[in-house]
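Here is a short report for a reader meeting this structure for the first time. Look the model over, then read on.

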Amino acid sequence: MEIKFRNILFKLDFSFFILLSFAVLYGYESTVQIILFSILHELGHLIMLLIFKVKPYLIKLSFYGISLKYRNSLSKIKEFFVLLCGPMVNLILFIVFRDEINLILFILNIFPAVPLDGGRIIKLFFPKVSAIITIIFLIALMCLSCYLLIEYKIYSLFLIASYLSIFNYKELRGLYEKKC
């Protein structure tokens, strides 16, 4: 479903309903809070973009969360602040409300793997080593997620680690092929 408002396309992807279905099926009581805090996270990015007089052209809700697309015409420092503002919203909300959802969203979003904000910040300032940093952190995340899956039957971090690995596969494979 797509709605255009003031030259911004709002897109609700069908996969978002799959995410909601899984949440309801597995009894996640925090689903509404996660969605609300994710929207506030994106509002942090949006406010900073508007401060820099950049308008997004797409806001999309999908299985992978909420994303904000804009034409990148910002300096590195302005882009840094746009990327940082989303996780900072979650950190501030965690400090105010002392809830684990915002802490998890903050930690997840500063994780140094693209497309997350932390990965985009690393790639922005250290493009030559960003793939290596991503590999190191993805291996650590995959090990932790496998441990949590086996010991505690917590599968959500494993799904996130798998998604990030698949998302970064092409770049990581290219790095591997350069070394061979």
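At what angle do the axes of helix 3 and helix 4 cross, and within what distance do they come? The model is predicted. In it, these two axes come within 8 Å and cross at roughly 155°.

## Helix 3 and helix 4

Helix 4 covers residues 100–110. Angles over 145 degrees count as roughly antiparallel. At roughly 155°, helix 3 is therefore roughly antiparallel to helix 4. The crossing of helix 3 with helix 4 is left-handed.

Which residues meet here? Helix 3 brings Pro87, Met88, Asn90, Leu91, Leu93 and Phe94. Helix 4 answers with Asn102, Leu103, Leu105, Phe106, Asn109 and Ile110. By class, this contact of helix 3 with helix 4 has nine nonpolar and three polar residues, and no charged ones.

## Helix 2 and helix 3

Helix 2 spans 31–51, and helix 3 spans 76–97. Their axes come within 7 Å and cross at roughly 140°. That angle makes helix 2 oblique to helix 3. The crossing of helix 2 and helix 3 is right-handed.

On the helix 2 side, the contact holds Phe37, Leu40, His41, Gly44, His45, Met48 and Leu49. On the helix 3 side are Phe81, Val82, Leu83, Cys85, Gly86, Pro87, Val89, Asn90 and Leu93. The contact of helix 2 with helix 3 counts 11 nonpolar and five polar residues, with no charged ones.

Pro87, Asn90 and Leu93 of helix 3 appear in the contact with helix 2. Pro87, Asn90 and Leu93 also appear in the contact with helix 4.

## Two nonpolar cores

In soluble globular proteins, nonpolar side chains tend to be buried together. Which residues form the largest nonpolar core here? There are 11: Ile8, Leu46, Met48, Leu49, Val54, Ile59, Leu68, Tyr70, Leu74, Val82 and Cys85. Helix 2, strand 4 (65–70) and helix 3 each give two or more residues to this core. Helix 2 gives the most, with three residues.

Apart from this core lies another, of 10 residues. Among them are Leu116, Leu138, Leu141 and Leu172.

## Ile59 in strand 3

Ile59 belongs to the largest nonpolar core. Ile59 is found in strand 3, residues 56–62. Is Ile59 buried or exposed? Its relative accessible area is 16%. Buried means under 20%, so Ile59 is buried.

Beyond four places in sequence, Ile59 touches Ile8, Leu9, Phe10, Lys11, Ser67 and Leu68. Of these contacts, Ile8 and Leu68 are also listed in the core. Tyr169 is 110 residues from Ile59 in sequence. C-alpha to C-alpha, Ile59 and Tyr169 are 25 Å apart in space.

## Thr31 and Ile101

Thr31 is found in helix 2. Thr31 has 17% relative accessibility, so Thr31 counts as buried. Leaving out residues up to four places away in sequence, Thr31 touches Leu20 and Ala23.

Ile101 lies in helix 4. Ile101 counts as buried because its relative accessibility is 11%. What does Ile101 touch, not counting residues up to four places away in sequence? The partners are Ser30, Gln33, Ile34 and Phe37. Gln33 is 68 residues from Ile101 along the chain, yet their C-alpha atoms are separated by 7.7 Å. Phe37 also takes part in the contact of helix 2 with helix 3.

Terms used. Residues are numbered from 1 along each chain as its sequence is written. This is a predicted model: local features need pLDDT of at least 70, side-chain atom pairs count only at pLDDT 80 or more; totals for chains, interfaces and linings use all residues. Side-chain values use heavy atoms; hydrogens and water are left out. A nonpolar core is a set of buried Ala, Val, Leu, Ile, Met, Phe, Trp, Tyr and Cys residues joined through side-chain atoms within 4.5 Å. Buried means under 20% relative accessible area, exposed over 50%, partly exposed in between (1.4 Å probe, protein chains only). Helices (H or I, at least four residues) and strands (E, at least two) are DSSP runs, numbered from the N terminus. Contact means heavy atoms within 4.5 Å. Axes are lines fitted to C-alpha atoms, for helices over the stretch in contact, and angles run from 0 to 180 degrees between N-to-C directions. Angles under 35 degrees count as roughly parallel, over 145 as roughly antiparallel, 65 to 115 as roughly perpendicular and the rest as oblique. A crossing is left-handed if the near helix is turned anticlockwise from the far one by less than a right angle, and right-handed if clockwise. Ala, Val, Leu, Ile, Met, Phe, Trp, Tyr, Cys and Pro count as nonpolar, Asp, Glu, Lys and Arg as charged, and the others, Gly among them, as polar.
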